[in-house]
Structure formats: structure tokens, C-alpha cells
Amino acid sequence: MRRRHPPGHPATCAVSRSTDTCPAPHPYTDPVLAQTINQWAVITIVLSGLALVVGVLFIRNGNREAHMRAMLTASALATIFLVLYLTRLGLGYEKKYVGPDEWRPAYFALLISHIILAAANLPLALGALYNAWKGLKAAGNLGNIDAPAARGLFNRHRAWVRWTVPVWLYVAVTGWIIYLVLGRWGEVVKG
Ligand code: HEM
């Protein structure tokens with residue numbers, strides 16, 4: 001991503017800041033755009049968590065059709081989140097924690113667990129979706145999931161989602177907490 005330079009910033013300053021005419025580098029070239037992307041990223045991951053909970057409630061009530069729609073919505077929202085998150089990283093926008101020192105270890109434990117489980121969530125969701133999709137194809141329709149060709153695939157779907165659902169929820173909730181913490185005690189560091 002090409003960085004813009006602030007008005008009045010001589011082109012040579014991009015190479016060297018050796019002269020007094022070069023202003024200090026702007027901490028970030030377009031913070032409003034990056035912040036908007038960041039806000040939408042957190043909105044989409046929270047909504048995907050809500051759609052996930054709704055989807056679980058649907059299947060508990062035996063409504064498979066609505067379960068499928070809710071889970072596809074949750075997956076689409078999570079995909080949009082990923083695109084926004086990667087765009088934000090590409091823009092170089094980054095915040096660091098500058099809050100109370102006594103909360104620092106707890107914040108980093110939360111952040112690290114969030115990052116590790118967010119990475120794990122992608123293959124878990126793909127595994128759940130893949131088996132549901134294959135199961136649906138084998139069954140022909142959602143009223144026929146006990147057909148011999150489909151049963152094993154839906155059993156596998158159930159095995160995958162035992163991990164997928166809690167991990168997804170943890171990532172959505174902690175993502176929101178991290179966003180709130182950095183809103184209060186975060187400082188933009190990357191430009
Ligand atoms: C990543 C997205 C998905 C997640 C997280 C998810 C989650 C779940 C959960 C929690 C259950 C209940 C498991 C249990 O009772 O032990 C379930 C069952 C089920 N899901 Fe999904 N699901 C997803 C996508 C889908 C899709 C796209 C379909 C349709 C093609 C689908 C069809 C079903 C069916 C038919 C069952 C009932 C299986 C049975 O009774 O054995 N799911 N899913």
C-alpha cells in the first residue's frame with residue numbers, strides 16, 4: 001500500500017529526514033479510514049457471533065433449514081471480518097496498549113489467546129461447513145439426514161462443531177473486549 005505524505009512534506013523526506021525542512025513523520029497517513037475499517041471489522045465479528053448463537057438455538061429446536069441459513073450468514077460475516085482485518089493490517093494501522101501496568105499481563109494473555117484461537121477458527125469452520133455440505137449433498141435435502149450415505153458426514157459435522165462453536169464465540173467476544181480496551185487505553189503506533 002502506497003503511503004501518502006502530509007501536505008508540505010518534501011518528496012526527499014521519503015528517503016531521508018536529514019534536513020530541518022522535513023517534518024516528523026505522521027504517525028499514520030489516514031487514521032480515519034483505518035479506524036472506520038477497524039470499527040466495521042469488530043461489528044462484523046460480533047454479528048457473526050450473534051448469528052452463530054442464533055444458529056445453535058435453531059438446531060436445538062430442530063429447525064435445520066433456519067440453522068443452515070444462520071450458519072451461512074455467520075460464515076459470510078466472519079469472511080467479511082477477515083477481509084477488513086487484513087485490509088487494516090495492509091494499511092499499517094496498529095495500536096499498542098498504554099493502560100495501567102497491573103492490567104498489562106491480563107491484556108496480553110487475552111490478546112495472545114485471541115490471536116491463536118482466531119487462527120484456529122478458520123480451519124475449524126471450514127471443517128464444519130465441508131462436512132455439512134457433503135452431508136446435504138448425500139442426503140438430498142435436510143429432511144433426509146439419517147440416510148446411510150449422509151449420517152456419517154453429519155456425525156462428523158457434529159464432531160467438528162463441538163470445537164468450532166466455543167472457539168468462534170471466544171474469538172468474537174474477546175475481539176470486542178480488545179477493541180473496547182484499545183479504545184480506552186490504546187495509542188496508534190504504526191505509520
Ligand atoms: C460453520 C458453520 C456451522 C456451525 C458452527 C454449525 C453448528 C452446528 C451445531 C452446534 C449443531 C448441533 C450439534 C449437536 O447437537 O451435537 C449442528 C447440527 C447440524 N447442522 Fe450445523 N453448523 C454449521 C453449518 C451447517 C450447515 C451449512 C448446514 C447445512 C448444510 C448444517 C446442518 C446441520 C444439521 C442437519 C445438523 C443436525 C445434525 C444431526 O442431527 O446429526 N450446519 N450444527
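## From a loop residue to the helical core

Asp-146 sits in the loop that links H3 to H4, and it is a convenient place to enter this predicted model. Because Asp-146 has 9 C-beta neighbours inside 10 Å, and a residue with 12 or fewer is classed as exposed, this position counts as exposed. Its C-alpha atom is separated by 9.7 Å from that of Gly-135, a residue 11 places away along the chain.

From the loop we can turn to the interior, where the largest nonpolar core is made up of 20 residues, and where Ala-74, Ala-78 and Phe-81 have the most contacts inside that core. Two or more residues of this core come from each of helix H1 (31-60), helix H2 (64-91), helix H3 (104-139) and helix H4 (148-185), and H2 gives the most, with seven residues.

H2 therefore deserves a closer reading, beginning with its geometry: its 28 residues, at 1.5 Å a residue, should span 40 Å, and the end C-alpha atoms are indeed 40 Å apart, which agrees. The buried residues in H2 are His-67, Ala-70, Met-71, Ala-74, Leu-77, Ala-78, Phe-81 and Leu-84. An α-helix has 3.6 residues a turn, so residues three or four places apart point the same way. The buried residues of H2 pack against H1 and H3. Ala-78 offers a detailed view of one such position, since, leaving aside its neighbours within four places in sequence, this residue is in contact with Ile-45, Ser-48 and Ala-125. Just after H2, Gly-92 adopts a positive phi of about 80 degrees.

The ligand brings the four helices into view again, for H1, H2, H3 and H4 each supply at least two residues of the shell around it. Of the 23 residues around the ligand, those that come nearest are Met-68, Met-71, Ala-128, Ala-132 and Val-161; Met-71 is also among the buried residues of H2. By residue class, the shell around the ligand divides into 16 nonpolar, five polar and two charged residues.

Finally, the model can be set beside a database record: in an unreviewed entry, UniProt lists residues 37-58, 70-87, 107-130 and 160-182 under "transmembrane region". In the model, residues 37-58 are 100% helix and 0% strand, with end C-alpha atoms 31 Å apart, while residues 107-130 are likewise 100% helix and 0% strand, with their end C-alpha atoms 35 Å apart.

Key:
Residues numbered from 1 in each chain as written. Predicted model: local features only at pLDDT ≥ 70, side-chain atom pairs only at ≥ 80, totals over all residues. Core = buried A, V, L, I, M, F, W, Y, C linked by C-beta atoms within 7 Å. Contact = placed C-beta atoms within 7 Å. Near = placed C-beta within 6 Å. Nonpolar A, V, L, I, M, F, W, Y, C, P; charged D, E, K, R; others polar. Expected span 1.5 Å × (residues − 1). UniProt positions renumbered as here; feature names shortened; annotations may be inferred.
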